[in-house]
Amino acid sequence: MSIASVSAKPLSHLPAKRGSSRFTTKGTSRVRVMMLRQKNPGGQKKSFDGTGEPLYLGIDFGTSGARYALVDKQGAIHSEGKRTYPPVGRVTNWASSWREALFHLLGDIPATYRPSISSISIDGTSATTLIIDRNNGGILAGPYLYNESFADALPAVESIAPANHTVCSGSSTLCKLVSWWNSSSAGLSSRDSAILMHQSDWLLWLLHGEYGVSDYNNTLKVGYDPEIDSYPSWLMSQPYAYMLPSVRAPGAPIGSIKEDVRAQFGFPKNCVVCTGTTDSIAAFLAARTTEPGKAVTSLGSTLAIKLLSNARVDDARFGVYSHRLDDMWLVGGASNTGGAVLRQLFTDDQLVALSHEIDPSVPSLLDYYPLPKRGERFPVSDPNMMPRLQPRPESDTAYLHGILESIARIEAKGYNLLKELGASMVEEVLTAGGGARNDKWTAIRGRVLGVPVRKAEQTEAAYGTALLALKGANTSH
């Protein structure tokens with residue numbers, strides 16, 4: 001069954017074996033909350049009669065906040081909600097913020113739905129990494145965020161990995177692991193009990209309690225090879241190989257939810273926790289597209305592109321990598337450009353008002369490379385690249401137009417690069433993330449890319465992760 005049709009059957013595109021608005025809350029909460037209306041994909045409210053219809057929970061941990069979606073076996077959404085993290089300058093402990101957001105979100109789910117939640121899955125940002133003590137669950141190092149570069153580890157990684165491998169990038173999970181391993185803080189005592197976890201692995205661990213379980217999407221950037229379903233020998237021969245997690249397919253059942261969590265929130269005893277995926281892949285799954293040449297661009301705080309291709313393409317020189325998806329490959333990369341830059345320069349109200357004044361049929365002559373700070377990953381992998389946001393015209397509308405068009409050019413350069421490297425040619429682009437709501441930007445991107453661009457029917461990664469939870473529930477039964 002393709003992801004375009006959701007039913008009670010497992011989702012066949014995942015191989016069975018392939019192992020914002022700002023609202024302030026009162027009290028001590030460090031997160032902000034906005035509850036979204038309950039709806040289904042067709043826009044009609046879905047009633048709940050209390051008879052215990054199985055529901056499936058997906059939670060997306062993106063770069064700026066966390067969101068949940070609760071769906072039934074037909075894919076209809078019963079409830080959604082979100083929490084945003086504190087502003088970056090105020091975050092001193094990312095892990096604590098994520099944990100708090102997770103448990104606040106679980107509490108935000110209407111109590112009438114919780115006894116019917118059959119399974120849970122969580123996605124996280126790619127290559128966001130923690131080093132955990134398997135003896136007590138303490139954090140030995142990190143979190144190392146998705147966009148943090150560890151160039152000090154590159155020579156060691158490049159000496160063991162094949163040329164231009166996905167791990168040969170300073171922001172790869174393996175570089176983060178090697179940097180920690182070689183650091184003075186990684187003492188012998190902490191090394192012995194250390195285990196690597198990705199962001200979604202750790203959040204899921206808070207719910208199921210089993211150390212060392214991940215999925216083959218998250219582990220790609222630590223060196224896992226989805227084509228042979230294992231870690232390669234060049235990686236397993238390293239002294240830190242024991243720290244690598246076991247790997248299952250995204251959406252595979254891990255185990256029952258911990259009793260204390262189950263009792264706290266009123267989940268059923270048979271609620272299953274399933275492996276997750278990365279946020280950009282979850283957004284692709286939400287769009288439910290299955291044909292080569294179809295692509296999804298996620299326009300959130302960053303820009304991530306994913307293209308269904310008949311050929312696998314991996315080239316660390318350009319930050320290009322491939323995830324397996326059934327008998328095809330999901331090829332793409334993630335740029336540091338995106339909505340984070342826009343939020344540094346404009347308020348939400350300004351973005352709406354100024355976008356309304358833009359004529360998307362007229363090309364902007366302004367040539368920028370919008371980045372929130374130093375460093376780019378894709379389509380150029382350069383940790384020293386500086387943002388280029390000058391000159392600034394007197395007109396704020398013209399300035400925003402230039403930035404939106406420049407981001408579109410980066411997106412087009414990304415798809416063109418994939419084609420040059422051997423991937424299928426892009427034929428249509430669906431859009432996920434907050435940027436999908438900006439119709440003027442969509443029109444600009446369609447002109448710059450030269451292919452149809454439209455908003456995906458479902459645009460939230462949480463929805464795609466809920467489909468993984470659905471798949472996991474059916475696998476476990």
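Contact here means that heavy atoms lie within 4.5 Å of each other. By this criterion, and leaving aside residues up to four places away in sequence, Trp-202 touches Ala-95, Trp-98, Arg-99, Leu-130, Ile-132, Ile-139 and Met-197. The model is a predicted one, in which local features need pLDDT of at least 70 and side-chain atom pairs count only at pLDDT 80 or more, while totals for chains, interfaces and linings use all residues. Residues are numbered from 1 along each chain as its sequence is written, and side-chain values use heavy atoms, with hydrogens and water left out.

Trp-202 is also a good entry point to the nonpolar cores. Such a core is a set of buried Ala, Val, Leu, Ile, Met, Phe, Trp, Tyr and Cys residues joined through side-chain atoms within 4.5 Å; buried means under 20% relative accessible area, exposed over 50%, and partly exposed in between (1.4 Å probe, protein chains only). The largest core holds 38 residues, and Phe-61, Leu-106 and Trp-202 touch the most other members. Elements giving two or more residues to this core include strand 2 (55-61), helix 1 (94-108) and helix 5 (199-208); helices (H or I, at least four residues) and strands (E, at least two) are DSSP runs, numbered from the N terminus. Helix 1 gives the most, with 7 residues. Apart from this core lies another, of 37 residues, with Val-320, Phe-346, Leu-400 and Leu-417 among them.

Next comes an open sheet. Its 6 strands follow the order 16-17-15-14-18-19, with mixed pairing; two strands pair if DSSP finds at least two bridges between them. Strand 16 (321-325) and strand 19 (453-455) stand at the edges with a single partner strand each, so one side of each has no neighbour in the sheet. Strand 14 (residues 294-299) and strand 18 (residues 428-432) run parallel and are joined by 5 bridges; in strand 18, Glu-428 is the bridge partner of Lys-294. Helix 11 packs on the sheet, touching strands 14, 15, 17 and 18, and its direction makes about 30 degrees with that of strand 15. Helix 12 (residues 439-449) packs on the sheet as well, and its direction makes about 150 degrees with that of strand 19. For these angles, axes are lines fitted to C-alpha atoms, for helices over the stretch in contact, and angles run from 0 to 180 degrees between N-to-C directions.

Helix 11 (residues 396-420) contains Asp-396, which is partly exposed at a relative accessible area of 34%. Asp-396 touches Phe-346 and Leu-354, not counting residues up to four places away in sequence.
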